[in-house]
Amino acid sequence: MNKKIMAAVAIAVTLMGCKTSPTGRTQIALYSEQKMDEMGTASFEQMKQEQTIEQNAKTNRYVQCVADALIAQLPVQYAQQQWEVVVFKEPSANAFALPGGKIGVHTGLLSVAKDQHQLAAVMGHEVGHVIAQHANERVSQNSLLQIGLQAGNVALEMGNVQYRNAIMQGLGLGAQYGVMLPFSRSHESEADVIGLDLMAKAGFNPQGAVELWQNMDKAGGERPAEFLSTHPSPENRIALLQSKMTQANSKAAEAKRQGRNPVCK
């Protein structure tokens, strides 16, 4: 039985889709884009049923204006997609994007992202997760981890290993801290870089990304250590963004020369 499960793991790893992210990183992607779009759309519809949607026309126009400017600079397959943008009446400073062309923004974010440039940094980051297919990677990796843990469980049962449950709990923690969280931080950093590039191409001021995370740092309060967090620390995010700022400023200047100068308010 153990051999069969391990063989299944090997076959899955051999046959799984391997892709390259926009930053050149090799990715695991077991699911089709159509399947991910279906999952994203279903999740978004459920959110719209369960959460209060902001009805203020000015707020919705503002968020839509920023979204439109960013979407116009996406790769063709995404720029031509029909995107849906919804503002949720939620106090948390949060936003998200889902496969299937779905963007959600919480009203609480608008008190932290002080202007269109800072809001573009957040929304660009979230759309960056979508175009880099991070959701597919996470779902795929979860699937492979579950298969691997099941294989380990069978091996322990067959060997009648004492304290099997405690060992399996340790394996779960090892997978969480050793694989899943660092992987999440790599996604966040990659989305920061993609979002910075996207907002610059759209004509927003790239410095808004740094200012946003400075605001987030002030508003964040106490946080877990970065080792136990799914997100890089604001300090590390700011350092990464600043390291890319010269190139981003050049792209923003070129965007303005080409007439891309969004005015969202």
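**Salt bridges and a cavity**

Biologist: What is the relative accessible area of Glu84?
Modeller: In this predicted model, Glu84 has a relative accessible area of 22%, so this residue counts as partly exposed.

Biologist: Which side chain meets Glu84 in a salt bridge at 2.9 Å?
Modeller: That is Lys102, with the distance taken from N to O. The two lie in distant parts of the chain, 18 residues apart: Glu84 is in strand β3 and Lys102 is in strand β5 (residues 102-106).

Biologist: And is Lys102 buried or exposed?
Modeller: Lys102 counts as buried, because its relative accessibility is 10%, and buried means under 20%.

Biologist: What about Lys48, which residue does this one bridge to?
Modeller: Lys48 forms a salt bridge with Glu84, and their closest N and O atoms are 2.6 Å apart. This pair also links distant parts of the chain, as Lys48 belongs to helix α2 (residues 33-50) and Glu84 to strand β3 (residues 84-88), 36 residues apart.

Biologist: How many salt bridges are there in total?
Modeller: The count comes to eight. Another one joins Lys201 and Asp197, at 3.1 Å between the closest N and O atoms. These two are four residues apart in helix α7, so about one helical turn separates them.

Biologist: Changing topic: how many cavities of 30 Å³ or more are counted?
Modeller: The count is one, and the largest cavity has a volume of about 50 Å³.

Biologist: Which helix gives the largest share of its lining?
Modeller: Helix α7 does, with five residues. By class, the lining has seven nonpolar, two polar and one charged residues. Among the lining residues are His125, Asp192 and Trp213.

Conventions:
Residues are numbered from 1 along each chain as its sequence is written. This is a predicted model: local features need pLDDT of at least 70, side-chain atom pairs count only at pLDDT 80 or more; totals for chains, interfaces and linings use all residues. Side-chain values use heavy atoms; hydrogens and water are left out. On a 1 Å grid over the protein atoms alone, a cavity is a set of points where a 1.4 Å probe fits but cannot get out, and a pocket is an open set with protein on both sides within 12 Å along at least five of seven lines; lining residues have an atom within 4 Å of a point. Grid points are joined across faces, edges and corners, and a volume is the space filled by probe spheres set on the points. Ala, Val, Leu, Ile, Met, Phe, Trp, Tyr, Cys and Pro count as nonpolar, Asp, Glu, Lys and Arg as charged, and the others, Gly among them, as polar. A salt bridge is a side-chain nitrogen of Lys or Arg within 4 Å of a carboxyl oxygen of Asp or Glu. Buried means under 20% relative accessible area, exposed over 50%, partly exposed in between (1.4 Å probe, protein chains only).
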